[in-house]
Amino acid sequence: MQISYNKVMEVQVAVAAPRFDAPPGSGFRPRKPLGSPSGSSGTAPDTETEVLDPEKGRVLRCVQCRYKITGTSSRLQVNGNHSHVFCNPHGLVYELGCFSSARGCGLIGSPSAEFSWFPGYSWRVAVCSRCHLHMGWSFQPLNGAGGFWGLILSHLVEEEDE
């Protein structure tokens, strides 16, 4: 039996992106605003951020329910790149885009620095505030204010702003 690379990726994405129905008392709550990631205060020593598109752009919506998550104007570079590909300890591969804000996301759980893809940062799971699809992670520096969002690019759809 031969499985193509695309079929394997489809399976990984399907497994990596389950719908999340937050039960009462689960800790799901709308996110608190993050500080500006482009400022020099609070950024971890090995991670630099740079805003890519300061002008107003198109919106990025949840692929499942079309809720507005962020905008193209919030794209930024972390460690010299906007997008990064990572594999988690379970072998699931994610392509993330880095963003300065994601107002359409809620956060789940407590911050953890375990298995962080960005040294010096803790992470929390981010979900769509409307349908609870796993959208990515919020990354906060361990030593101060600031932070950024690593959003799963295949879970976003770009559209014209209304």
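## Salt bridges, rings and cores

A search of the whole structure finds five salt bridges. The structure is a predicted model. Side chains of opposite charge can pair when their charged atoms come close. Three of the bridges are set out here.

| Salt bridge | N to O distance |
|---|---|
| Glutamate 158 and arginine 58 | 2.9 Å |
| Glutamate 160 and arginine 58 | 2.3 Å |
| Arginine 75 and glutamate 158 | 3.3 Å |

Start with glutamate 158 and arginine 58, whose side chains meet in a salt bridge. Glutamate 158 lies in strand E12, residues 156-159. Arginine 58 sits in the loop between strand E2 (49-51) and E3. The two are 100 residues apart in sequence, so the pair ties together separate parts of the chain. Are these two residues buried or exposed? Glutamate 158 has 35% relative accessibility, so it counts as partly exposed. Arginine 58 has 30%, and it too counts as partly exposed.

Next comes glutamate 160, which forms a salt bridge with arginine 58. This pair also links distant parts of the chain. Glutamate 160 is in the segment after E12, while arginine 58 is in the loop between E2 and E3. They are 102 residues apart. Glutamate 160 is exposed, because its relative accessible area is 55% and the exposed class begins over 50%.

Arginine 75 forms a salt bridge with glutamate 158. Here, too, distant parts of the chain are linked. Arginine 75 is in the loop between strand E4 (68-71) and strand E5 (76-78), and glutamate 158 is in strand E12. The separation is 83 residues. Arginine 75 is partly exposed, with a relative accessible area of 26%.

Put these pairs together. Arg58, Arg75, Glu158 and Glu160 are linked in a network of salt bridges.

### Aromatic rings

Now look at the rings. A search of the whole structure finds nine aromatic pairs. One of them joins phenylalanine 86 and phenylalanine 118. Their ring centres are 5.4 Å apart. Their planes meet at 75°, so the pair is edge-to-face. Phenylalanine 86 is in strand E6, residues 83-87. Phenylalanine 118 is in the loop between E8 and E9. The pair links distant parts of the chain, 32 residues apart. Phenylalanine 86 counts as buried at 16% relative accessibility. Phenylalanine 118 counts as buried at 1%.

Another pair is tyrosine 94 and tryptophan 137. Their ring centres are 5.0 Å apart. How do the planes of these two rings lie? They stand at 85°, so this pair is edge-to-face. Tyrosine 94 lies in strand E7 (residues 93-99), and tryptophan 137 in strand E10 (residues 134-141). The pair ties together parts that are 43 residues apart in sequence. Tyrosine 94 is buried, and so is tryptophan 137.

These four residues belong to a cluster linked by ring pairs. Its members are Phe86, Tyr94, Trp117, Phe118, Tyr121, Trp137, Phe139 and Phe148.

### Nonpolar cores

Move on to the cores. The largest nonpolar core has 16 residues. Which of them have the most contacts inside it? They are Cys62, Ile69, Cys105, Cys128, Met135, Trp149 and Leu151. Four strands give two or more residues each to this core. They are E3 (59-62), E8 (105-112), E9 (121-128) and E11 (148-152). There is also a second, separate core of 14 residues. Among its residues are Leu96, Phe118, Phe148 and Ile152.

Take cysteine 62 as an example from the largest core. Leaving aside neighbours within four places in sequence, cysteine 62 is in contact with Tyr67, Ile69, Cys128, Cys131, Leu133, Met135, His155 and Val157.

### Cysteines

How many disulfides does the structure hold? It holds zero. Cysteine 65 is in no disulfide, and the nearest cysteine sulfur, that of cysteine 128, is 3.6 Å away. A disulfide needs the two sulfur atoms within 2.5 Å. For cysteine 105, the closest cysteine sulfur is also in cysteine 128. The distance is 7.0 Å, too far for a bond. Cysteine 105 counts as buried, at 1% relative accessibility.

### A serine in strand E8

Finally, serine 112 lies in strand E8. Its side chain reaches the backbone nitrogen of glutamate 114 at 3.1 Å. Not counting residues up to four places away in sequence, serine 112 touches Ser122 and Trp123.

Notes. Residues numbered from 1 in each chain as written. Predicted model: local features only at pLDDT ≥ 70, side-chain atom pairs only at ≥ 80, totals over all residues. Heavy atoms only, no water. Core = buried A, V, L, I, M, F, W, Y, C linked by side-chain atoms within 4.5 Å. Buried < 20%, exposed > 50% of the residue type's maximum accessible area, 1.4 Å probe, protein only. Contact = heavy atoms within 4.5 Å. Phe/Tyr/Trp six-rings, centres within 6.5 Å; stacked < 30°, edge-to-face > 60°. Polar contact = N/O pair within 3.5 Å; in protein donor to acceptor, adjacent residues only side chain to side chain. Salt bridge = Lys/Arg side-chain N within 4 Å of Asp/Glu carboxyl O.
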